[in-house]
Amino acid sequence: MAWKRVVSMKALEVAGGSFAARVDNEVVFIAKSGNNLYAMDAVCSHAKCILGKYDAEKNQVQCFCHKAVFDVKTGRMLEPPFVAPNAMMDKMGKKTFAVRENEGFIEVDLEQSGN
Ligand code: FES
């Protein structure tokens, strides 16, 4: 286990509940829904844009570029990019990572899955 401190809980709140940040060689999308924290690979599997527009009620993030939608908890692609409606969504999911709050900061462990 290698927990990495990413951002303060206060900064996440100010950012509106979601945030993308570089952690080592990954760009990680972090989101808070109620008391739950989620972390997933923030690079869209379609054309590598950075996710996105977070919907806390549905716990989904939408890619800004072509509107693909991902489940933040599982990393599954839920809706394909509008420019590739026949995309193989079952093969386009993203990695999730373990995430926790520790002393007012959000930490992720890139070696552990969030599922
Ligand atoms: S890059 Fe994300 S939907 Fe196209």
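Glu 107 is buried, with a relative accessible area of 6%. This residue of the predicted model lies in strand S10. Strand S10 spans residues 105-109. The burial call follows from the cut-off, because buried means under 20% relative accessible area. Beyond its neighbours within four places in sequence, Glu 107 is in contact with seven listed residues: Trp 3, Lys 4 and Arg 5, then Ala 98, Val 99, Arg 100 and Asn 102. Ile 30 is 77 residues from Glu 107 in sequence. In space, the C-alpha atoms of Glu 107 and Ile 30 are 9.8 Å apart.

Val 99 is one of the contacts of Glu 107. Val 99 belongs to strand S9, which covers residues 98-102. With a relative accessibility of 19%, Val 99 counts as buried, since the buried class is set at under 20%. Its contacts, leaving aside neighbours within four places in sequence, include Ile 106, Glu 107 and Val 108. Trp 3 also touches Val 99, and Trp 3 is in contact with Glu 107 as well. Leu 37, Tyr 38 and Ala 39 are further contacts of Val 99. Tyr 54 stands 45 residues from Val 99 along the chain, and their C-alpha atoms are separated by 17 Å.

Strands S9 and S10 are joined by a loop that holds Glu 103. Glu 103 is exposed, at 64% relative accessibility; the exposed class begins over 50%. Glu 107, by contrast, is buried at 6%. The backbone of Glu 103 has phi near 55°, a positive value in a residue other than glycine.

A positive phi also occurs at Asn 59, where the angle is near 55° and the residue is again other than glycine. Asn 59 is found in the loop between S5 and S6. Asn 59 is buried, with a relative accessible area of 11%. Glu 57 lies in the loop between strand S5 (51-55) and strand S6 (60-63). Glu 57 is exposed, with a relative accessible area of 80%. The loop between S5 and S6 thus carries a buried Asn 59 and an exposed Glu 57. Met 88 is 31 residues from Glu 57 along the chain, with 26 Å between the two C-alpha atoms.

Lys 94 occupies the loop between strand S8 (77-79) and S9. Lys 94 counts as buried, at 14% relative accessibility. Its C-alpha atom is 6.7 Å from that of Met 40, which is 54 residues away along the chain. Met 40 is also among the residues that Lys 94 touches, once residues up to four places away in sequence are set aside. Asp 41, Val 43, Cys 44 and Ser 45 are touched too. Phe 70, Thr 74 and Gly 75 complete the list of contacts of Lys 94.

At the level of the whole chain, there are one helix and 10 strands. From the N terminus, the elements run β-α-β-β-β-β-β-β-β-β-β. The radius of gyration is 13 Å, close to the 13 Å that the globule rule gives for 115 residues, so the chain is as compact as a globular protein of that length. The C-alpha atoms fill a box of roughly 45 × 25 × 20 Å along the principal axes. Buried residues account for 42% of the 115 residues. Of the contacts between residues at least 6 apart in sequence, 39% join residues at least 24 apart.

The accessible surface of the chain is about 6400 Å². Carbon and sulfur atoms contribute 48% of this surface. The side chains include 15 positive and 14 negative ones. The centres of the two charge sets lie 4 Å apart.

An unreviewed UniProt entry places the feature "domain: Rieske" at residues 3-108. Over residues 3-108 the chain is 6% helix and 47% strand. The end C-alpha atoms of residues 3-108 are 5 Å apart.

Terms used. Residues numbered from 1 in each chain as written. Predicted model: local features only at pLDDT ≥ 70, side-chain atom pairs only at ≥ 80, totals over all residues. Heavy atoms only, no water. Helix = DSSP H or I, 4+ residues; strand = E, 2+ residues; numbered from the N terminus. Buried < 20%, exposed > 50% of the residue type's maximum accessible area, 1.4 Å probe, protein only. Rg over C-alpha atoms; globule rule 2.2 N^0.38 Å. Contact = heavy atoms within 4.5 Å. Areas by Shrake-Rupley, 256 points an atom, 1.4 Å probe, with all protein chains shown as cover. Lys, Arg positive; Asp, Glu negative; His and termini not counted. Charge placed at Lys NZ, Arg CZ, Asp CG, Glu CD. UniProt positions renumbered as here; feature names shortened; annotations may be inferred.
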